Amino acid sequence: MRSSASNEDSAHTSAAGLYRTVLGVQWEELARGIIEVWASLWEERVFEYTAKSGTGDLPPSMAVVIQPLLNPTITGVAYSIDPVTGRDRHVTVNAIRGLGQPLVDGTVTPDQYLVETIDGQPRRVIRRIPGQQHERMVAVAGGIAMEPIPSAEQDRTLLGDRQLFEIAALTKRIEQLFKCPVDV
């Protein structure tokens, strides 16, 4: 379950990670999960964020999205421009093993990749920095669990050139459709 608030992903604010996401909710706990996500509208950090971003004195409207929980091998975020330098020829990709919650909440250091593009087409991988992840979050019967990652696997980066080129090309296509930088 996740939020879909009226101040998320706007032209001027992202509200990324501001509201709660609840993973692995069982049918009998559906109401509790909805309330937990919706109640995150009233947390102090939301009021501070809306005050700082100048988006008004009232909290935003929110829907709670209920989605099936996938059990990915790799999860990540791709940025159509380098979020640090602003270079529009660089696609940045961050990736971790398992579910994405530890990436979003910053509890693990992801593998980091930088792909150079020309006219939206990937040309080369400029940088690969391995992350620091000792366990992965996985979906299990009854919810979610943390699972240790074997040490031999911890030392390997997650994505190869072909995967990175595919991600970079898709991210640049989405950017072209929206006519602005995106994170996917």
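A pocket is defined, on a 1 Å grid over the protein atoms alone, as an open set of points where a 1.4 Å probe fits, with protein on both sides within 12 Å along at least five of seven lines, and its lining residues have an atom within 4 Å of a point. Grid points are joined across faces, edges and corners, and the volume is the space filled by probe spheres set on the points. The structure is a predicted model, in which local features need pLDDT of at least 70 and side-chain atom pairs count only at pLDDT 80 or more, whereas totals for chains, interfaces and linings use all residues. Residues are numbered from 1 along each chain as its sequence is written, and side-chain values use heavy atoms, with hydrogens and water left out.

The largest pocket has a volume of about 1600 Å³. Its lining comprises 42 residues, of which Arg2, Thr21, Gly100, Gln101 and Val104 lie nearest the centre. With helices (H or I, at least four residues) and strands (E, at least two) taken as DSSP runs numbered from the N terminus, at least two lining residues are supplied by each of S1, strand S3 (74–79), helix H3 (101–104) and strand S7 (135–140). The largest share, 4 residues, comes from S3. By residue class, the lining of the largest pocket divides into 22 nonpolar, 13 polar and 7 charged residues; Ala, Val, Leu, Ile, Met, Phe, Trp, Tyr, Cys and Pro count as nonpolar, Asp, Glu, Lys and Arg as charged, and the others, Gly among them, as polar.

Salt bridges, each a side-chain nitrogen of Lys or Arg within 4 Å of a carboxyl oxygen of Asp or Glu, number 12 in the whole structure. In one of them, Glu36 pairs with Arg20, the closest N and O atoms being 3.8 Å apart. Glu36 lies in helix H1 (residues 30–39) and Arg20 in the loop between strand S1 (2–5) and H1, so this pair ties together parts that are 16 residues apart in sequence. Glu36 also meets Arg32 in a salt bridge of 2.8 Å, N to O; both residues lie in helix H1, 4 residues apart, about one turn of the helix. A further salt bridge joins Arg45 to Glu43, with the closest N and O atoms 3.1 Å apart. Arg20, Glu29, Arg32, Glu36, Glu43 and Arg45 are linked in a network of salt bridges.

Accessibility was classed by relative accessible area (buried under 20%, exposed over 50%, partly exposed in between; 1.4 Å probe, protein chains only). Within the network, Glu43 is buried at 19%. Partly exposed values were obtained for Glu36 at 27%, Arg20 at 35%, Arg45 at 38% and Arg32 at 39%.

Aromatic pairs were assigned to rings of Phe, Tyr and Trp (its six-membered ring) with centres within 6.5 Å, planes under 30 degrees apart counting as stacked, over 60 as edge-to-face and the rest as tilted. The count by this rule is 2 aromatic pairs. The rings of Trp38 and Trp42 have centres 6.0 Å apart and planes at 65°, so this pair is edge-to-face. Trp42 and Phe47 form a tilted pair, 6.3 Å centre to centre with 45° between the planes. Trp38, Trp42 and Phe47 thereby form one aromatic cluster. Trp38 is partly exposed at 41% relative accessible area, as are Trp42 at 44% and Phe47 at 30%.
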